[in-house]
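Here's a quick briefing to read with the model open beside you. We'll start with the overall fold, then go through the charged contacts and a surface patch.

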Amino acid sequence: MRQRKTRNLEEKLEALSGYIIDDPAGLRGRWRSIYKNGTKESPFCLEIGCGKGKFLTETAKAHPDWLLLAIEGQPSVALHALQRIDAEGVENIFLVLKYLREIRSLFADGEIDRLYLNFSDPWPKLKHEKRRLTNGKRLLDYAKIIKKGGFIEFKTDNDGLFEYSVKQIEKCPVLETVFITRDLHSDVPLSEIITTEYEDKFSARGKNINYISAKVL
């Protein structure tokens, strides 16, 4: 989706640069060192595509001992998330403002505890399958950087992308489905769900929310 041009974007991002990681590859294998209130055992969680930061911020507030990182390729979208993080005074979130290329160049094997994929771009055309964040190759890459027993959580309103993703997870030899639902808000108490902006919008319209959690073997 094309984003509106944001006036003085660079200046606004610079003002929030304390939350931005400019050299993520340089932190490979030592990400936990950037969170002053964490320890070597603190959970390290990654969200790919954070939108305006609602899910990320609320997760961080619920788990202040966790280190949370988001990769967001659209600076104008990232700005909204950064402004929210700053307004909430959350200290355990950082952002990488780049499009995801080779994820294993940024993280060591087993470095991440949990990966969140929330309302990813569906890339519906078959010729764009390799761009989907849940294609088989990407799942194998994720499984390398997530510790054994760690999780991938995927949530979407797009039924077609969800069915595709379920099949990809089922075919992946190093992943095991732990929980799956095609109507998350009916099957799980809302008090137990941290929602995204998209999730709130689609759910309010009566759209079912698909969710799957898979464990790394």
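Reading along the sequence, you get the pattern α-β-α-β-α-β-β-α-β-α-β-α-α-β. That adds up to seven helices and seven strands. The radius of gyration is 17 Å, close to the 17 Å that the globule rule gives for 217 residues, so the protein is as compact as a globular protein of that length. Keep in mind that this is a predicted model.

**Overall build**

- The C-alpha trace spans about 40 × 40 × 40 Å along its principal axes.
- Of the 217 residues in the protein, 47% are buried.
- There are 12 salt bridges in the structure, and a few of them are picked out below.

**R32, D113 and K147**

- R32 pairs up with D113 in a salt bridge, with the closest N and O atoms 2.6 Å apart.
- R32 sits in the loop between α1 (9–15) and β1 (44–48), while D113 belongs to strand β4, so this pair ties together parts that are 81 residues apart in sequence.
- How much cover do the two partners have? R32 counts as partly exposed, because its relative accessibility is 22%.
- D113, on the other hand, has a relative accessible area of 13%, so it is buried, the cut-off being under 20%.
- The pair doesn't stand alone: R32, D113 and K147 are linked in a network of salt bridges.

**Contacts of helix α3**

- K61 and E88 meet through their side chains in a salt bridge, at 2.9 Å from N to O.
- This one links distant parts of the chain: K61 is in helix α2 (residues 54–62) and E88 in helix α3 (residues 75–88), 27 residues apart.
- K61 has a relative accessible area of 47%, so it is partly exposed.
- E88 is partly exposed too, with a relative accessible area of 37%.
- Helix α3 also holds R84, which forms a salt bridge with E197, the closest N and O atoms being 3.6 Å apart.
- Since E197 lies in helix α7 (residues 197–204) and R84 in helix α3, the pair ties together parts that are 113 residues apart in sequence.
- E197 counts as partly exposed at 23% relative accessibility, and R84 counts as partly exposed at 29%.

**The positive patch**

- Which residues gather in a patch of positive charge on the surface? They are K125, K127, K130 and R131.
- To find K125, look in the loop between β4 (112–118) and α4 (136–145).
- K125 has a relative accessibility of 51%, and exposed means over 50%, so K125 counts as exposed.
- Strand β4, on one side of that loop, is also where D113 is found.

**D141 in helix α4**

- On the other side of the K125 loop is α4 (136–145), and D141 has its place in this helix.
- Is D141 buried or exposed? Its relative accessible area is 15%, so D141 is buried.
- D141 and E102 are 39 residues apart along the chain, and their C-alpha atoms are separated by 8.6 Å.

How values were computed: Residues are numbered from 1 along each chain as its sequence is written. This is a predicted model: local features need pLDDT of at least 70, side-chain atom pairs count only at pLDDT 80 or more; totals for chains, interfaces and linings use all residues. Side-chain values use heavy atoms; hydrogens and water are left out. Patches are made of residues with over 30% relative accessible area and no salt bridge: like charges are joined within 9 Å, nonpolar side chains (Val, Leu, Ile, Met, Phe, Trp, Tyr) within 5 Å. Accessible areas come from the Shrake-Rupley method with a 1.4 Å probe; for residues, only the protein chains shown count as cover. A salt bridge is a side-chain nitrogen of Lys or Arg within 4 Å of a carboxyl oxygen of Asp or Glu. Lys and Arg count as positive and Asp and Glu as negative; His and the chain ends are not counted. The place of a charge is taken as NZ of Lys, CZ of Arg, CG of Asp or CD of Glu. Helices (H or I, at least four residues) and strands (E, at least two) are DSSP runs, numbered from the N terminus. Buried means under 20% relative accessible area, exposed over 50%, partly exposed in between (1.4 Å probe, protein chains only). The radius of gyration is taken over C-alpha atoms; the globule rule is 2.2 Å times the number of residues to the power 0.38.
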